[in-house]
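Reader: Hello! Could you walk me through some of the labels used for this protein, and tell me what stands behind each one?
Author: Gladly, let us take them one at a time.

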Amino acid sequence: MNSFDVVVIGAGAAGLFAAGAAGQRGLRVLLIDHAAKVAEKIRISGGGRSNFTNRDATPANYLGDNPHFCRSALSQYTSADFIKLVQSHGIAFHEKHKGQLFCDHSSQQLIDLLLAECAKGGVERWQPCGVQAVRRHEGDEARFELDTDRGLVRCHNLVVATGGLSIPKIGATDFGHRLATQFGHRITPLRPALVPLTFDATLWTRWSALSGVAVPVTVSVTPPPPGGKGKARPVSFDEDLLFTHRGLSGPAILQISSYWAPGLPLSIDLAPGTALASALKQAKQGSKRQLSTVWREALPESLPQRLALAWLADIRHEHPALRDEAPAAELKDKDLDALGQSANAWTLTPSGTEGYAKAEVTAGGVDTRELSSQTMESRLCPGLYFIGEVVDVTGWLGGYNFQWAWSSGMACARALQAA
């Protein structure tokens, strides 16, 4: 009979980290994962260099139906704490953008760090190894019994770190959500997050030729309030937007996608900080230049000429006076207002997303009202813990979700007790 103090299901970021930390506290730990390769999501993250945390991570960078839940875990184990661990392993890293930290060389360094921490804690790892069933066990110190590919296992504490539904081709499943439901937990609605947005093909025909064009923007949406309570407030991000054949992507869109819901319109400012309507009306005074020239000069240098010309061509369907060769001085203010305001507040409604195949994370998950925010332990089933992405806590793009893995994993590991 295999018996352990702790069994961790899921050898991703949260599971590896929690297992190592628990093992180093002297607990007998077994780590199980059904996938053949360890931590594939870490390996492919950050373009192969892993954006492993964010220096500026705060509870404000996370969303969920219970947005304050993450506060305790994030304060117990901060990004500074994980940075110290990275430094102790001699891993060189750099800040790329807005506090985002990446390995200088390879994400494999981060995987090696986590495996080394597990080895330090004497963690036993079974991989690949599937789990067929989990049930409560009565009669001795073990509180759970698991049927696995390698036989029957009993444990005093069970930690679920199975992640979400994102990127199924590397092994994502709904196992953790099904297990939570089995033990009486509610699951807040699941949806792809940090994901490109798509648009109706008829609408997008006019923009698909711009595939590959990137531009810094401000993108906004007004989502329903968390939990359906309180006042709806707009959310906005200043990041790069990328045109694709099917819709929009890039950091700006990935960020806003976590807050978007079907039917909600986006507002996109293609020229942040520039009041284009005012600039156009001022430029036309005493000018003999053509509209196309005045338009390009009014736009910020960061906006590609391909997009500027396409925009002018598109708006001409509703405002035929806005011809490229039209003398700017002869144009009516109402037409210039329409041109400028359309680019400062481009309003459009996505038809959907690229789905879990392209989503970096899964929003929603195990309802945090049924978990301890200090320890991640179930309030319904003593000894059962949920950590990482399987929980209804979703971070912004930029290392925040990895930090949640470290923080929730450590909060759990520190609370675990021997049988």
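Reader: Why is Met-376 called buried?
Author: Buried means under 20% relative accessible area, exposed means over 50%, and partly exposed is in between, with a 1.4 Å probe and protein chains only. Met-376 has a relative accessible area of 0%, so Met-376 counts as buried. Please keep in mind that this is a predicted model, where local features need pLDDT of at least 70, side-chain atom pairs count only at pLDDT 80 or more, and totals for chains, interfaces and linings use all residues. Residues are numbered from 1 along each chain as its sequence is written, and side-chain values use heavy atoms, with hydrogens and water left out.

Reader: Where is Met-376 placed, and what is notable about its phi?
Author: Met-376 sits in the loop between strand E19 (361-366) and strand E20 (384-386). Helices (H or I, at least four residues) and strands (E, at least two) are DSSP runs, numbered from the N terminus. The phi of Met-376 is near 70°, a positive value in a residue other than glycine. Ile-167 also has a positive phi, near 60°, and lies in the loop between strand E10 (151-160) and helix H6 (175-182). At 12% relative accessibility, Ile-167 is therefore buried.

Reader: What makes His-245 buried or exposed?
Author: His-245 has 62% relative accessibility, so it counts as exposed. His-245 belongs to the loop between strand E14 (235-243) and strand E15 (247-249). Leaving out residues up to four places away in sequence, His-245 touches Trp-204, Ser-208 and Ser-211; contact means heavy atoms within 4.5 Å.

Reader: And which label does Ser-292 get?
Author: Ser-292 is buried, because its relative accessible area is 7%. Ser-292 is part of helix H10 (residues 291-298) and, with residues up to four places away in sequence not counted, touches Leu-312 and Asp-324.

Reader: How do you know that the span of helix H13 is close to the expected one?
Author: The expected span is 1.5 Å times one less than the number of residues. Helix H13 (residues 400-415) has 16 residues and reaches 23 Å from its first C-alpha to its last, close to the expected 22 Å. H13 is also mostly covered, with 13 of its 16 residues buried.

Reader: What makes E17 and E18 edge strands?
Author: Two strands pair if DSSP finds at least two bridges between them. The open sheet has seven strands in the order E17-E16-E13-E14-E15-E12-E18, with antiparallel pairing. Strand E17 (346-348) and strand E18 (352-353) each pair on one side only, and are the edge strands.

Reader: How do you know that E13 and E16 pair?
Author: Three bridges join strand E13 (residues 214-221) to strand E16 (residues 266-269), so the criterion of at least two is met. The two strands run antiparallel, and Val-219 has Ile-268 in E16 as its bridge partner.

Reader: What about the bond between Gln-127 and Pro-128: why is it called cis?
Author: The peptide bond that joins Gln-127 and Pro-128 is cis, with omega about 0°. Pro-128 is found in the loop between strand E7 (124-126) and strand E8 (131-136).
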